[in-house]
Amino acid sequence: MNIRRVAFDHPDAVKLNDQVQAEYHVRYGDGGDATPLDPADFDPPNGIYLIAYDEADRPVATGGWRSQDTNDEGNEDGDAELKRMYVVAEMRGRGLARRMLAALEEDARAAGRIRMVLETGTKQPEAIALYTSCGYEPCAKFGYYRFHADSLCYAKAL
């Protein structure tokens with residue numbers, strides 16, 4: 001797997017984002033994640049967006065983080081918020097998400113962030129299993145979906 005830094009609005013990022021949004025719609029029936037995201041949120045040193053490519057140079061996994069500090073949505077100073085973690089269906093079960101997560105954590109730590117946080121949902125058991133097996137623990141809800149019953153938030157010290 002070849003992991004590359006790309007812009008959030010790179011054509012491959014848009015393609016994978018469309019796929020993850022479609023999957024969210026199937027799972028939740030709500031049209032996908034409505035969290036406002038600006039491509040500039042993922043510009044270093046305040047964030048990063050990564051895509052993993054397979055041996056045929058096809059985009060197969062994605063993820064990013066963006067800086068968050070204390071705000072009215074429940075974030076704390078030093079947070080790095082994980083966004084758009086996704087692996088295409090035919091490539092799941094090969095450790096790609098775990099490798100992507102490790103790369104994002106390493107980058108956020110190097111940027112001086114002290115805690116990685118994420119929001120997932122009750123209808124994403126695979127994501128919950130990944131994050132908890134990587135040391136993430138439940139935390140106070142934050143972000144756009146903090147008042148939704150299906151929302152689950154996790155954090156890990158970096």
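Modeller: Two residues are in contact when heavy atoms of theirs lie within 4.5 Å. This is a predicted model, where local features need pLDDT of at least 70 and side-chain atom pairs count only at pLDDT 80 or more, while totals for chains, interfaces and linings use all residues. Residues are numbered from 1 along each chain as its sequence is written, and side-chain values use heavy atoms, with hydrogens and water left out.

Biologist: Thanks! Which residues does Met-85 touch, then?

Modeller: Leaving out residues up to four places away in sequence, Met-85 touches Val-20, Tyr-24, Thr-62, Gly-63, Ala-97, Met-100, Leu-101, Leu-104, Leu-130 and Tyr-131.

Biologist: What makes a group of residues a nonpolar core?

Modeller: The members are buried Ala, Val, Leu, Ile, Met, Phe, Trp, Tyr and Cys residues, joined through side-chain atoms within 4.5 Å. Buried means under 20% relative accessible area, exposed means over 50%, and partly exposed is in between (1.4 Å probe, protein chains only). Here the largest core has 38 residues, and those with the most contacts inside it are Leu-82, Met-85, Leu-104, Met-116, Tyr-131 and Tyr-136. At least two residues each come from α1 (11–28), β2, β3, β4, α2, β5 and α3. The element giving the most is β2, with six residues. There is also a second, separate core of five residues, including Cys-139 and Phe-142.

Biologist: Why is Leu-152 called partly exposed?

Modeller: Its relative accessibility is 25%, so Leu-152 falls between the two cut-offs and counts as partly exposed. Leu-152 sits in strand β7. Beyond its neighbours within four places in sequence, Leu-152 contacts Leu-118, Glu-119, Thr-120, Gly-121, Thr-122 and Ile-128. Gly-121 is 31 residues away along the chain, yet the two C-alpha atoms are separated by 5.3 Å.

Biologist: How do you know that β5 and β7 pair, and in which sense?

Modeller: Two strands pair if DSSP finds at least two bridges between them. Between β5 and β7 there are seven bridges, so they pair, and the sense is antiparallel. In one of these bridges, Leu-118 has Tyr-154 of β7 as its partner. With β4, β5 pairs in the parallel sense over three bridges, and Glu-81 has Val-117 of β5 as its bridge partner. Six of the seven residues of β5 are buried.

Biologist: Which strands are at the edges of the sheet?

Modeller: The open, mixed sheet has seven strands in the order β1-β2-β3-β4-β5-β7-β6. Its edge strands are β1 (2–5) and β6 (137–138), each pairing on one side only.

Biologist: What makes α2 a helix, and what is its span?

Modeller: Helices are DSSP runs of H or I with at least four residues, and strands are runs of E with at least two, numbered from the N terminus. With 15 residues (96–110), α2 is over that limit, so it counts as a helix. From first to last C-alpha it reaches 21 Å, close to the expected 21 Å, which is 1.5 Å times one less than its number of residues.

Biologist: Why do we say that the buried residues of α2 line one face?

Modeller: They are Leu-96, Met-100, Leu-101, Leu-104, Glu-105 and Ala-108. Seen down the helix axis, they fall within an arc of 165°, so they line one face; the arc uses the directions from the axis to the C-beta atoms. On the other side, Glu-106 and Ala-110 are exposed. Just after α2, Gly-112 takes a positive phi of about 90°.
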